[in-house]
Amino acid sequence: MTDELIIRQEGAAGRITLNRPKALNALTLEMVHGMLDALERWLTDETVRIVIVDGAGERGLCAGGDIRALYKSAQENDGLAQKFWADEYRLNALIANYPKPYIAVMDGIVMGGGVGVSAHGSNRIVTERSMIAMPETAIGLFPDVGGSWLLANAPGEIGSYLGLCGQRIGAVDAIYAGLADVEVSSDRLPRLIESLVAADYGVDSRSDVDTLIRGFVSSNAQAPLAALRGAIDDVFSFDRIEDILAAAAKLGTDWGDELVKTLRGRAPHSLKATLAALRKARNLGGIEEVLDMEYRLALRMFALPDFSEGVRAAVIDKTGDPKWSVARVEDVQDAMVDVCFDSLGDQELGLSTRLAR
């Protein structure tokens, strides 16, 4: 247990609670290390049959990485950001491959790094209060923490829409997009967790968990994103942001006009890098290869001025007036994007290499 992370065993459950409610449980490097240590320890602990991850307070599971700490790292060039991403991505990979049921309670706000510690789990629970987003293009970055893998595998071009625009979605849309599995009413969560903790698990704990959770499911509503699917696929099927913008403008609808406005407000370099990452992720072999790619991209994007400027405008000064290094997507050359995916040499994260061995 630390001030920022509460780790304990209750019954057959290893429990992790992110405990920075005033900061919407934003992840720090120490929290990442605490989660890694606990999950690795529980791998060989036969008394721990399942893992439950939730957030302190009622506002959300996790609003992402500690952006202020990353901003400070950029100003001081102290290497913390690079260490944070390397260890955070290792945590994401561990969660995605965890052999025991990993139950993420995605209640309230779940953004960025919060998606990374939840949406790779085996059992992802949302509620009527859930608000999920990958808004990184607004601060000069891209959907990371394996986000490009999740979004690339969403139905049609739903992932392109969510990743480029940073659109906030609720429970049923998160399930439709493949970011969550079931919706449970927030007032039933305490009873569900009690049941998970107290259950007598058999040989197949995954099946036991699935059955138990199904008894608490509260909604099978139609996803609003499903109704927009055709239009989203038509607009976001292109491999150039310029073509996506043109397709949105051509719609001649309020929704199309809003898309253009939203995209024009994002960091141009980030938009092109994000689209490239999503397209590349579709052709990679798994989450480890994607995280290796994202690490290259994260370090390269972090070194550009747009990240600091985006965080300044959105979080530090809160002026909402970022001055991007390249003002228009039309002026971002392909070579400027391609170089961001080049090998880091001996700085490579190497998750896929370790897996191969």
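## Ala 152 and its surroundings

Leaving out residues up to four places away in sequence, Ala 152 touches Leu 278, Ala 281 and Arg 282 in this structure, which is a predicted model. Ala 152 belongs to helix α5, which covers residues 147-152, and because its relative accessibility is 12%, where buried means under 20%, Ala 152 counts as buried. The C-alpha atom of Ala 152 lies 17 Å from that of Gly 121, and these two residues are 31 residues apart along the chain.

## Lys 83 in helix α3

Lys 83 sits in helix α3, residues 80-96, and with a relative accessibility of 40% it counts as partly exposed. When neighbours within four places in sequence are set aside, the contacts of Lys 83 are with Leu 29 and His 33. A separation of 36 Å is found between the C-alpha atoms of Lys 83 and Leu 245, residues that are 162 residues apart along the chain.

## Nonpolar cores

In soluble globular proteins, nonpolar side chains tend to be buried together. The largest nonpolar core here has 98 residues, and those with the most contacts inside it are Ile 16, Leu 39 and Trp 85. Helix α14, residues 287-303, supplies the largest share of this core, with ten residues. A second core, separate from that one, has 19 residues, among them Ala 12, Leu 189, Val 209 and Leu 212.

Ile 16 has contacts, not counting residues up to four places away in sequence, with Leu 5, Ile 6, Ile 7 and Arg 8, with Met 35, Ala 38, Leu 39 and Trp 42, and with Ile 52, Val 53 and Asp 54. One of these contacts, Ile 7, also stands opposite Ile 16 of strand β2 in the strand pairing.

## The six-stranded sheet

Strands of a sheet pair through backbone hydrogen bonds, either parallel or antiparallel. An open sheet is formed by six strands in the order β1-β2-β3-β5-β7-β9, and its pairing is mixed. Strands β1 and β9 (182-183) stand at the edges with a single partner strand each, so one side of each is left without a neighbour in the sheet. Strand β7, residues 123-126, pairs with β9 in the parallel sense over two bridges, and within this pairing Val 126 stands opposite Glu 183 of β9. Helix α9, residues 205-214, packs on the sheet and touches β3 (50-55), β5 (102-106), β7 and β9, while its direction makes about 15° with that of β7.

Towards the other edge, strand β1 (residues 5-10) and strand β2 (residues 13-18) pair in the antiparallel sense over six bridges. These two strands make a hairpin with two residues between them, in which Gly 11 takes a positive phi near 60°.

## The three-stranded sheet

Three strands make an open sheet in the order β4-β6-β8, where the pairing is parallel. Here β4 (60-62) and β8 (131-133) are the edge strands, each with a single partner strand, so one side of each is left without a neighbour in the sheet. From one strand to the next, the twist averages 15°. The pairing of β4 with strand β6, residues 109-111, is parallel and runs over two bridges, and Cys 62 stands opposite Val 110 of β6.

## Packing of helices α6 and α12

Helix α6 (residues 158-165) and helix α12 (residues 254-264) have axes that come within 10 Å and cross at roughly 50°, which means that α6 is oblique to α12. On the α6 side the contact is made by Tyr 161, Leu 164 and Cys 165, and on the α12 side by Trp 255, Leu 259, Thr 262 and Leu 263. By residue class, the contact of α6 with α12 comprises six nonpolar residues, one polar residue and no charged residue.

## Helix α15

In helix α15, residues 305-316, the buried residues are Asp 306, Phe 307, Ser 308, Glu 309, Gly 310, Val 311, Arg 312 and Ala 313. These buried residues of α15 pack against α2 (67-76), α13 (268-281) and α14, and α14 is the helix that gives the largest share of the largest nonpolar core. Just after α15, Lys 318 takes a positive phi of about 55°.

Technical notes. Residues numbered from 1 in each chain as written. Predicted model: local features only at pLDDT ≥ 70, side-chain atom pairs only at ≥ 80, totals over all residues. Heavy atoms only, no water. Core = buried A, V, L, I, M, F, W, Y, C linked by side-chain atoms within 4.5 Å. Buried < 20%, exposed > 50% of the residue type's maximum accessible area, 1.4 Å probe, protein only. Helix = DSSP H or I, 4+ residues; strand = E, 2+ residues; numbered from the N terminus. Contact = heavy atoms within 4.5 Å. Pairing = 2+ DSSP bridges. Axes fitted to C-alpha atoms, helices over the stretch in contact; angles between N-to-C directions. Parallel < 35°, antiparallel > 145°, perpendicular 65-115°, else oblique. Nonpolar A, V, L, I, M, F, W, Y, C, P; charged D, E, K, R; others polar.
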